[in-house]
Amino acid sequence: MRQLTTAPTIVPPGETATVGPWRMTIAESISGADALTTLQDANDGNQEPGEDLVYLLLRVSCHNRGETPCVVSTADFAAAGADGIFRRSPSVALPDPALEATVASGEAVEGWIALVVPADNADGSDVVVRYDSVASAAVWGSALFAVRGEPVVVTDEGAAGEINPEVGASADAPAGLGETVVTGGWAVTAVESITGQEVFDRAGPGLQALGRSGGID
């Protein structure tokens, strides 16, 4: 998914963003072939990403400056390359420590997240990482981080000529693969459809274990 944004503020590489109670920093990045090697060293069940995609591993530091405990999760993050499509965290086993925690007031946590980006952005250039809490985005808002250099971000003006607002507007005009539907602040495109064995091959180790025991067709 890509979000249509107007004049977005992007946190430069290595700098800290304030998002609600969080002070959040991308402290380290591992990309491309090195990211895949790191993930497979952590768990040899981790599979390669989809075609024309590469992994991006990020070590994220989160300091809770609020008055109550807060939850942070790998599911709170997405990344986009120059194509402007934000992709959420895939289902993979992460290196220790993974960024999954409830953080007490005044405490901090640091951990790894895994994202996927286009192969053309394998070194982290032209990549923007979005944080928006799956639990509290409506209250806290969101933040955009650059990984390396100046990222390319799709804006309302840049996307206006590419999107047909009638596509997906009714059951009589459903969107097909590769067509973009605009809803709220999002422009959503289904880019691929898979079934059967390919779903199993791309699933994480936990889902594959269910499939081997006969729980998934």
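Here is a friendly exchange about a predicted model of one protein chain.

Reader: Let's start broadly: how many helices and strands are there in the protein chain?

Author: Happy to begin there, with the predicted model in view. The protein chain has 217 residues, of which 39% count as buried. Its secondary structure consists of five helices and 14 strands.

Reader: Among contacts between residues at least 6 apart in sequence, what share joins residues at least 24 apart?

Author: A contact here means heavy atoms within 4.5 Å. Taking the contacts in the protein chain between residues at least 6 apart, the share that joins residues at least 24 apart is 68%.

Reader: Now the hairpin of strand 3 and strand 4: which residue there takes a positive phi?

Author: Strand 3 covers residues 16-19 and strand 4 covers residues 22-31, and the two run antiparallel with four bridges joining them. One of the bridge partnerships is Ala-17 with Met-24 of strand 4. The hairpin has two residues between the strands, and the positive phi, near 55 degrees, belongs to Gly-20.

Reader: Strand 4 also pairs with strand 5, so which residue of strand 5 is the bridge partner of Ile-30?

Author: Strand 5 spans residues 53-64 and pairs with strand 4 in the antiparallel sense, over nine bridges. Within strand 5, the bridge partner of Ile-30 is Leu-57.

Reader: What kind of aromatic pair do Phe-77 and Tyr-131 make: stacked, edge-to-face or tilted?

Author: The count of aromatic pairs comes to one. Its ring centres, those of Phe-77 and Tyr-131, are 5.3 Å apart, and the planes lie at 55 degrees; planes under 30 degrees apart would be stacked and over 60 edge-to-face, so this pair is tilted. As for where the partners sit, Phe-77 is in strand 7 (residues 77-80) and Tyr-131 in strand 11, 54 residues apart, so the pair links distant parts of the chain. To come back to your choice of words, the pair is tilted.

Reader: Are Phe-77 and Tyr-131 buried or exposed?

Author: The cut-off for buried is under 20% relative accessible area. Phe-77 has 1% and Tyr-131 has 0%. Because both values fall under that cut-off, Phe-77 and Tyr-131 are buried.

Reader: Last one: Asn-121 is in a loop, but is Asn-121 buried or exposed?

Author: The loop in question runs between strand 10 (108-118) and strand 11 (128-131). Leaving aside neighbours within four places in sequence, Asn-121 is in contact with Gly-81, Ala-82, Asp-126 and Val-127. Its relative accessibility is 5%, so Asn-121 counts as buried.

Key
Residues are numbered from 1 along each chain as its sequence is written. This is a predicted model: local features need pLDDT of at least 70, side-chain atom pairs count only at pLDDT 80 or more; totals for chains, interfaces and linings use all residues. Side-chain values use heavy atoms; hydrogens and water are left out. Buried means under 20% relative accessible area, exposed over 50%, partly exposed in between (1.4 Å probe, protein chains only). Two strands pair if DSSP finds at least two bridges between them. Rings of Phe, Tyr and Trp (its six-membered ring) pair if their centres lie within 6.5 Å; planes under 30 degrees apart count as stacked, over 60 as edge-to-face and the rest as tilted.
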